[in-house]
Amino acid sequence: GPTVPVDPTNPTNPQDPDDPDNPATGNTGALTLDVAPKTFNFGSVQTYAAEHTYKAVATGSGYQYLQVTDNRGTDEQGWTVTVEQDQDLTETSGDASHVLTGTTIHVPAGNSLATDPTAADSNLNATVANVTNTSGAVTVFSTTAAENAGKGTSVKAWDPTDVTLTIPKNTAKPGTYTNTLTWTLTANVSS
């Protein structure tokens with residue numbers, strides 16, 4: 001069955017109450033992505049002709065996180081979580097869909113925890129991800145090559161306001177924009 005969401009500041013405790021900003025995926029199996037952020041919201045902002053970077057707005061809980069559970073046997077090691085955009089941000093409010101071509105969504109490294117809530121887990125790699133429409137899948141969370149790295153439940157948590165959106169010069173236009181980010185958990189392949 002699915003692993004319940006944990007408190008990303010102390011993974012030894014369950015998430016209580018439920019966090020609508022970081023919902024459970026309901027994934028089942030021996031290797032699962034249990035939690036991923038619901039959205040990155042940049043709010044209502046001013047447009048600029050020059051390149052500009054916007055910070056995401058805070059969530060109700062004050063954090064966003066990924067949660068991975070690896071209950072596979074010791075003969076199966078390692079995993080990687082990637083994120084990718086399905087398209088550039090596209091206007092949804094007008095008759096003609098303007099596209100913010102060349103935008104970059106920056107997901108911070110954040111902090112990685114497992115069983116010890118007082119220290120980052122050195123067997124987990126929480127990395128910065130700069131995601132564009134042309135970057136494809138970008139690694140954001142993974143295990144090291146150490147034996148049994150990432151076994152059990154692991155989290156990568158960050159401050160939502162550390163997520164940024166950069167729009168190139170001569171691209172912005174007033175409107176409401178959206179796209180979809182896909183989070184993918186992949187088992188590492190032994191060589």
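This section describes strand pairing, nonpolar cores, salt bridges and the largest pocket in a predicted model.

Strand S9 offers a starting point. In this strand, which covers residues 104-107, the side chains alternate between two faces. Ile-105 and Val-107 point to one face and are buried, whereas Thr-104 and His-106 point to the other and are not buried. In a regular strand, side chains alternate between the two faces of the sheet. S9 pairs with strand S15 (residues 164-167) in the antiparallel sense, over 3 bridges. Within that pairing, Ile-105 has Leu-165 of S15 as its bridge partner, and His-106 is matched in S15 with Thr-164. S9 also pairs with strand S12 (residues 129-131), again in the antiparallel sense and over 3 bridges. In S12, Ala-129 stands opposite Val-107.

Strand S15 is joined to strand S4 (residues 52-55) as well, through 4 bridges, and these two strands run antiparallel. Tyr-54 stands opposite Leu-165 of S15, and Leu-165 is also the bridge partner of Ile-105. The side chains of S15 point in two directions, Thr-164 and Thr-166 one way and Leu-165 and Ile-167 the other, yet all four are buried. In this respect S15 can be set beside S9, where Thr-104 and His-106 are not buried.

Thr-164, found in strand S15, was examined further. This residue counts as buried because its relative accessible area is 15%, and the limit for burial is under 20%. Beyond its neighbours within four places in sequence, Thr-164 is in contact with Phe-42, Thr-53, Tyr-54, Lys-55, Thr-104, Ile-105 and His-106. Among these contacts, His-106 is also the bridge partner of Thr-164.

A further sheet is open and consists of 3 strands in the order S8-S7-S16, with antiparallel pairing. Its edge strands are S8 (99-100) and S16 (177-178), each of which pairs on one side only. S7 (residues 89-91) pairs with S8 over 2 bridges in the antiparallel sense. Leu-100 in S8 is the bridge partner of Leu-89. Strands of a sheet pair through backbone hydrogen bonds, either parallel or antiparallel.

Attention now turns to the nonpolar interior. The largest nonpolar core has 29 residues, and those with the most contacts inside it are Phe-40, Leu-66, Val-81, Val-140, Phe-141 and Trp-183. At least two residues of this core come from each of strands S5 (64-70), S6 (79-85), S9, S11 (124-126), S12, S13 (138-143), S15 and S17 (181-187). Another core, of 7 residues, lies apart from the largest one and includes Tyr-63, Tyr-65, Leu-113 and Ala-157. In soluble globular proteins, nonpolar side chains tend to be buried together.

Charged side chains form 2 salt bridges in the structure. In one of them, Asp-70 is joined to Arg-72, with the closest N and O atoms 2.8 Å apart. Asp-70 is classed as buried because its relative accessible area is 2%, and Arg-72 is likewise buried, at 10%. In the other, the side chains of Lys-151 and Asp-70 meet at an N to O distance of 3.5 Å. This pair links distant parts of the chain, 81 residues apart: Asp-70 belongs to strand S5, and Lys-151 lies in the loop between S13 and strand S14 (152-158). Lys-151 is partly exposed, with a relative accessible area of 21%. Through shared partners, the salt bridges join Asp-70, Arg-72 and Lys-151 into one network.

The last feature concerns open space. The largest pocket contains about 630 Å³ of space. Its lining comprises 27 residues, of which Phe-40, Phe-42, Leu-89, Tyr-177 and Thr-178 lie nearest the centre of the pocket. Strands S15, S16 and S17 each supply at least two residues of the lining. Several of these elements recur from the preceding paragraphs. Phe-40 is one of the residues with the most contacts inside the largest core, Phe-42 is in contact with Thr-164, and Leu-89 is the bridge partner of Leu-100. S16 is an edge strand of the open sheet, while S15 and S17 each supply at least two residues of the largest core.

Note on methods: Residues numbered from 1 in each chain as written. Predicted model: local features only at pLDDT ≥ 70, side-chain atom pairs only at ≥ 80, totals over all residues. Heavy atoms only, no water. Buried < 20%, exposed > 50% of the residue type's maximum accessible area, 1.4 Å probe, protein only. Pairing = 2+ DSSP bridges. Contact = heavy atoms within 4.5 Å. Core = buried A, V, L, I, M, F, W, Y, C linked by side-chain atoms within 4.5 Å. Salt bridge = Lys/Arg side-chain N within 4 Å of Asp/Glu carboxyl O. 1 Å grid on protein atoms, 1.4 Å probe; cavity = no way out; pocket = protein on both sides within 12 Å on 5 of 7 lines; lining within 4 Å. Points joined across faces, edges and corners; volume = space filled by probe spheres on them.
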